[in-house]
Amino acid sequence: MFMFSVLTAFETKGMRDCMVLEQTIELRDEHFMRIAIEEAGKAEKLDEVPIGAIIVHNGEIIGRGYNTREVSQQTLSHAELYAIEQANEIIGSWRLEDCTLYATLEPCPMCAGAILQSRIPRVVYGAKDPKAGCCGTLLNLLEDARFNHESEVVSGVLEEECGALLTNFFGKLRARKKAEKKRAEL
């Protein structure tokens, strides 16, 4: 009976430690997602789809990016790719091991491929992408054992805030296009 009580106390302490660790990771993920949301805001100021991304290594941001596809008219102008490129320069390597990528929207196939090629072991995203999401929504390229590298995927971090950025942006865009069409008819 006594051994059972001691074991239970250790198990309870271990469970508490795990819960504290999970809460710490969750708070860290929310902190860095808020910074990715700030990056998305930069895209919105340019009338770009508000998607932002950052890469963190040892608690330090080493890459930042936001969408500029409309401004640049370049297919590859995605937030994740800018963040990866900047992180490669800072690390001095194409391998971004021990890094975490935070993105406000679930990465597309192109960005998921770049994440795999960069060897980023952990990806955290906010809103799901029902049209192009390749980290669990349409398919999951990052956790597919057939590739030579896999990334842990954490979804739904500040999902409502990230989703609201996109919903508000596209709502304003539709209203603006409707008003332009109406003016053109006059």
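Me: Helices (H or I, at least four residues) and strands (E, at least two) are DSSP runs, numbered from the N terminus. With that in hand, how many of each does the chain have?

Reply: This is a predicted model, and its secondary structure comes to five helices and five strands. Read from the N terminus, the elements follow the order α-β-β-α-α-β-α-β-β-α.

Me: OK, and what share of the chain is buried?

Reply: Of the 186 residues in the chain, 40% are buried. The chain exposes about 11300 Å², and carbon and sulfur atoms supply 56% of that area.

Me: Let's go to strand 3. Is it enclosed or open?

Reply: Strand 3, residues 99–105, has seven of its seven residues buried, so it is largely enclosed by the rest of the structure.

Me: Which strands does it pair with, and in what sense?

Reply: Strand 1 (residues 52–57) pairs with strand 3 in the antiparallel sense over five bridges, while strand 4 pairs with strand 3 in the parallel sense, also over five bridges. On the strand 1 side, His-57 stands opposite Cys-99, and on the strand 4 side, Leu-105 has Ala-127 as its bridge partner.

Me: How does the chain cross from strand 3 to strand 4?

Reply: It passes through helix 4 (residues 109–118), and this β-α-β crossover is right-handed.

Me: Switching to the inside: how many residues are in the largest nonpolar core?

Reply: That core has 45 residues, and those with the most contacts inside it are Met-33, Ile-55, Ile-84, Leu-101, Tyr-102, Ile-120 and Leu-142. Among the elements that give two or more residues to this core are helix 3 (79–91), strand 5 and helix 5 (159–185), but the largest share, six residues, comes from helix 1.

Me: You listed Tyr-102. What is it in contact with, beyond its neighbours in sequence?

Reply: Leaving aside neighbours within four places in sequence, the contacts of Tyr-102 include Phe-32, Met-33 and Ala-36, then Ala-53, Ile-54 and Val-56, and also Arg-122 and Val-124. For the chain as a whole, residues 24 or more positions apart account for 58% of the contacts with a separation of 6 or more.

Me: One last spot, Gly-136. Where is it found?

Reply: Gly-136 lies in the loop between strand 4 (122–127) and strand 5 (152–154).

Me: Why does it count as partly exposed?

Reply: Its relative accessibility is 44%, so Gly-136 counts as partly exposed, a class that runs from 20% to 50%. Gly-136 and Val-153 are 17 residues apart in sequence, and their C-alpha atoms are 8.4 Å apart in space.

Methods. Residues are numbered from 1 along each chain as its sequence is written. This is a predicted model: local features need pLDDT of at least 70, side-chain atom pairs count only at pLDDT 80 or more; totals for chains, interfaces and linings use all residues. Side-chain values use heavy atoms; hydrogens and water are left out. Buried means under 20% relative accessible area, exposed over 50%, partly exposed in between (1.4 Å probe, protein chains only). Contact means heavy atoms within 4.5 Å. Accessible areas come from the Shrake-Rupley method with a 1.4 Å probe; for residues, only the protein chains shown count as cover. Two strands pair if DSSP finds at least two bridges between them. A crossover is right-handed if, with the strands pointing away from the viewer, the path from the first strand over the helix to the second runs clockwise. A nonpolar core is a set of buried Ala, Val, Leu, Ile, Met, Phe, Trp, Tyr and Cys residues joined through side-chain atoms within 4.5 Å.
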